[in-house]
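Here's a quick look at charged side-chain pairs in a protein model. Pull up the structure and follow along.

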Amino acid sequence: MHPLEILEFPDPKLRTVATPVKKITDEIVKFTERLLFTMYGSSGIGLAASQVNFHQRIIAIDISESKDEPLILINPQITERAGEIESDEGCLSIPGFYEPVKRSSEISLEAIDVNGENFCLEATELLAICIQHEIDHLDGKLFVDYISKTKRQIIRKKLKKTNSSRPGVK
């Protein structure tokens with residue numbers, strides 16, 4: 001299996017709002033497998049379909065240390081939020097940068113699994129942070145949107161410089 005290409009900031013495709021998955025097909029199931037494969041191969045704990053230029057509402061997550069507890073969320077919707085937590089966030093689409101972001105410390109959500117079954121999930125701390133971060137991707141939002149414009153511009157310039165020195169990367 002080949003990994004999917006992860007888009008990097010400031011690629012404008014990262015700002016595309018993802019559409020809901022209408023039906024769980026074999027192609028969607030295979031895509032979720034490739035999304036997990038790509039996430040694991042990139043040493044990430046979460047990856048949204050939008051980050052690989054597939055603009056449907058699908059998220060892959062695994063926050064376990066052993067990387068054997070994959071979670072696929074299709075059409076996730078946060079139904080409740082509580083508390084606040086601030087932590088340094090990084091992103092596979094913004095490699096090498098970490099900034100503090102405030103998010104809800106507890107969330108409840110509804111989603112669909114790869115078998116087409118609806119389910120509810122309660123998440124706290126790291127899992128809650130990761131889910132909110134990935135849902136932001138589906139909404140065309142990045143963690144750098146939570147930091148100052150100056151810091152965002154510095155990151156943009158550094159990434160452009162890094163990418164321009166790598167062959168085959170725009």
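What follows is a short tour of salt bridges in this predicted model.

Searching the whole structure turns up six salt bridges. Three of them, with their N to O distances, are listed here.

| Pair | N to O distance |
|---|---|
| Arg57 and Asp139 | 3.0 Å |
| Glu89 and Arg103 | 2.6 Å |
| Glu99 and Lys151 | 3.1 Å |

Let's start with Arg57 and Asp139, whose side chains form a salt bridge at 3.0 Å. Arg57 sits in the loop between strand E1 (46–48) and strand E2 (58–61), while Asp139 is in the loop between helix H2 (125–138) and helix H3 (149–164), so this contact ties together parts that are 82 residues apart in sequence. Burial differs across the pair: Arg57 counts as buried, at 12% relative accessibility, whereas Asp139 comes out partly exposed at 38%.

Next up is the salt bridge between Glu89 and Arg103, with its closest N and O atoms 2.6 Å apart. It links strand E4 (residues 85–91), home of Glu89, to strand E5 (residues 94–103), where Arg103 lies, and the two residues are 14 apart in the chain. Both partners are buried. There's a third player too: Asp136 joins Glu89 and Arg103 in a network of salt bridges.

Strand E5 also holds Glu99, which pairs with Lys151 of helix H3, 52 residues away. The N to O distance in that salt bridge is 3.1 Å. Glu99 is buried, with a relative accessible area of 13%, but Lys151 is partly exposed at 40%.

Conventions
Residues numbered from 1 in each chain as written. Predicted model: local features only at pLDDT ≥ 70, side-chain atom pairs only at ≥ 80, totals over all residues. Heavy atoms only, no water. Salt bridge = Lys/Arg side-chain N within 4 Å of Asp/Glu carboxyl O. Helix = DSSP H or I, 4+ residues; strand = E, 2+ residues; numbered from the N terminus. Buried < 20%, exposed > 50% of the residue type's maximum accessible area, 1.4 Å probe, protein only.
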